[in-house]
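Got a few minutes to poke at a model together? Here's a quick round of questions and answers to go with the viewer.

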Amino acid sequence: MSLAPAPVPPTSPAESDLVRAARGLPVSRTPVWFMRQAGRSLPEYRSLRAGTVMLDACQDPDMVTEITLQPVRRHGVDAAILFSDIVLPLVVAGMDVEIKPGIGPVIDEPVRSVADVDALPSLEPEALGFLQTAVRQLVAELGATPLIGFAGAPFTLATYLIEGGPSKEHARTKAFMYAEPEAWGRLLDKLAVSAAIFLRAQVDAGAAAVQLFDSWAGVLSAADYAERVLPHSRAVFDGLGDRERGERDVPRIHFGVGTGELLPLIGDAGADVVGVDWRIPLDEAARRVGQQRSLQGNLDPAVLLADRATVDREVRRIVEQGKAARGHIFNLGHGVLPDTDPGVLTHVAELVHELTAS
């Protein structure tokens, strides 16, 4: 019995399996990372974060560096995701935002009028020195392992600003979108500029890929998304620069929850990789998205709480279905749940590598 040759390790993030899969190029094995891989499921994270407010931790370069590296060391994943929060650009710009435990981001003064939109402070690139310091430190530590930068998409940030915090129905948001189309457009324009500035800072400091999180876009119809949201998400990616001239030509991942009916549109916003949640099989997602883009996903995070046989069965199913895509990055269909056993995440990463090693 002959053993398959060990994969040749990449010498730079640009040659990594994650970047190659994102571009639809051959890989030595399917790359794996997990949304929210850095966070509450890790005891070392809880120990380090004890007594530190979330948004303060996100602005401490040394703490950001250590937290981002923790799951790479523990799980052997193929990418690091910057430890941050989608509301951080709002905070840095000067807005009063608090992340309340068990609730999420809470806005003291929600946006409810045209005047509120016009009064929103702008994010200045000069305020992001701490972010670039953290990214540079991480790139130096990670070597050939790519760092994924990220930002919140305009629509999702708008929901927090208008609702004043998390919402199930997003009724105020949609009412504002319908009733105040001009103000809505100005609001999302501002948020798109902010997100582009936030991503540019990360890429300029060395991030090898970016992900735009549009967590709540799934509450919209395809028609509303196409008309009222997609142009602003596209503006974020366009704001990175002209790729044909080599300006920040890094893979762009676009992810939302409950977006099965929006997948082709999410790709049209400018993504190289479309993130898929657990509600739709990857082979069907590949049919909807087409072969011009890769896919990321899509294990249900709740599966990680089940028995090992169930975990293995579901991982094998997703690996098999992912073969229908131009390229596949194995991930969850949303973030790691806090009660997840870290050992299960390590096992999943090892199993995907074992199943797909060429």
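Buried here means under 20% relative accessible area, exposed means over 50%, and partly exposed is in between. Keep in mind that this is a predicted model.

Q: Is Ser 84 buried or exposed?
A: Ser 84 sits in the loop between strand E1 (80–81) and helix H5 (88–93). Leaving out residues up to four places away in sequence, Ser 84 touches Met 54, Cys 58, Phe 150 and Phe 198. Its relative accessible area is 11%, and the cut-off is under 20%, so Ser 84 counts as buried.

Q: Which residue in the loop between H8 and H9 has a positive phi although it is not a glycine?
A: Look at the loop between H8 and H9. The residue there with a phi of about 55 degrees is buried, with a relative accessible area of 2%. That's His 170.

Q: What is the relative accessible area of Arg 36?
A: Arg 36 is another non-glycine with a positive phi, about 60 degrees here. You'll find Arg 36 in the loop between helix H1 (17–22) and H2. Arg 36 is partly exposed, and its relative accessible area is 45%.

Q: How do H8 and H9 lie relative to each other?
A: Helix H8 (residues 154–163) packs on helix H9 (residues 171–179) with the axes 8 Å apart, at an angle of about 105 degrees. Angles of 65 to 115 degrees count as roughly perpendicular. So H8 against H9 is roughly perpendicular.

Q: Which residues of H9 make the contact with H8?
A: On the H8 side, the contact is made by Phe 155, Ala 158, Thr 159, Ile 162 and Glu 163. The H9 side supplies Ala 171, Arg 172, Thr 173 and Phe 176.

Q: Which residues in H10 meet H9?
A: The axes of H9 and helix H10 (residues 181–204) come within 5 Å and cross at roughly 115 degrees. H9 and H10 are therefore roughly perpendicular to each other. From H9, the residues involved are Thr 173, Phe 176, Met 177, Tyr 178 and Ala 179. In H10 they meet Pro 181, Ala 183 and Trp 184.

Q: How many of the 15 residues of H16 are buried?
A: Helix H16 (residues 342–356) reaches 22 Å from its first C-alpha to its last, close to the 21 Å expected at 1.5 Å a residue. Among its buried residues are Val 344, Leu 345, Val 348, Leu 351 and Val 352. The buried residues of H16 pack against helix H2 (43–49), helix H4 (61–75), helix H15 (308–322) and strand E9 (328–332). H16 is mostly covered, and the count of buried residues is eleven.

Q: Which backbone nitrogen does a side-chain oxygen of Asp 341 reach?
A: This one is at the start of H16. The oxygen comes to within 2.8 Å of the backbone nitrogen of Gly 343.

Q: What is omega for the cis peptide bond joining Gly 297 and Asn 298?
A: Asn 298 lies in strand E8 (residues 294–299). The bond joining Gly 297 and Asn 298 is cis, with omega at about -5 degrees.

Q: Which residues does the UniProt annotation "domain: Uroporphyrinogen decarboxylase (URO-D)" cover?
A: The annotation comes from an unreviewed UniProt entry and has two spans. One of them is 0% helix and 0% strand, with its end C-alpha atoms 23 Å apart. The other is 59% helix and 29% strand, with 28 Å between its end C-alpha atoms. In that order, the spans are residues 31–40 and 148–164.

Terms used: Residues numbered from 1 in each chain as written. Predicted model: local features only at pLDDT ≥ 70, side-chain atom pairs only at ≥ 80, totals over all residues. Heavy atoms only, no water. UniProt positions renumbered as here; feature names shortened; annotations may be inferred. Helix = DSSP H or I, 4+ residues; strand = E, 2+ residues; numbered from the N terminus. Expected span 1.5 Å × (residues − 1). Buried < 20%, exposed > 50% of the residue type's maximum accessible area, 1.4 Å probe, protein only. Contact = heavy atoms within 4.5 Å. Polar contact = N/O pair within 3.5 Å; in protein donor to acceptor, adjacent residues only side chain to side chain. Axes fitted to C-alpha atoms, helices over the stretch in contact; angles between N-to-C directions. Parallel < 35°, antiparallel > 145°, perpendicular 65-115°, else oblique.
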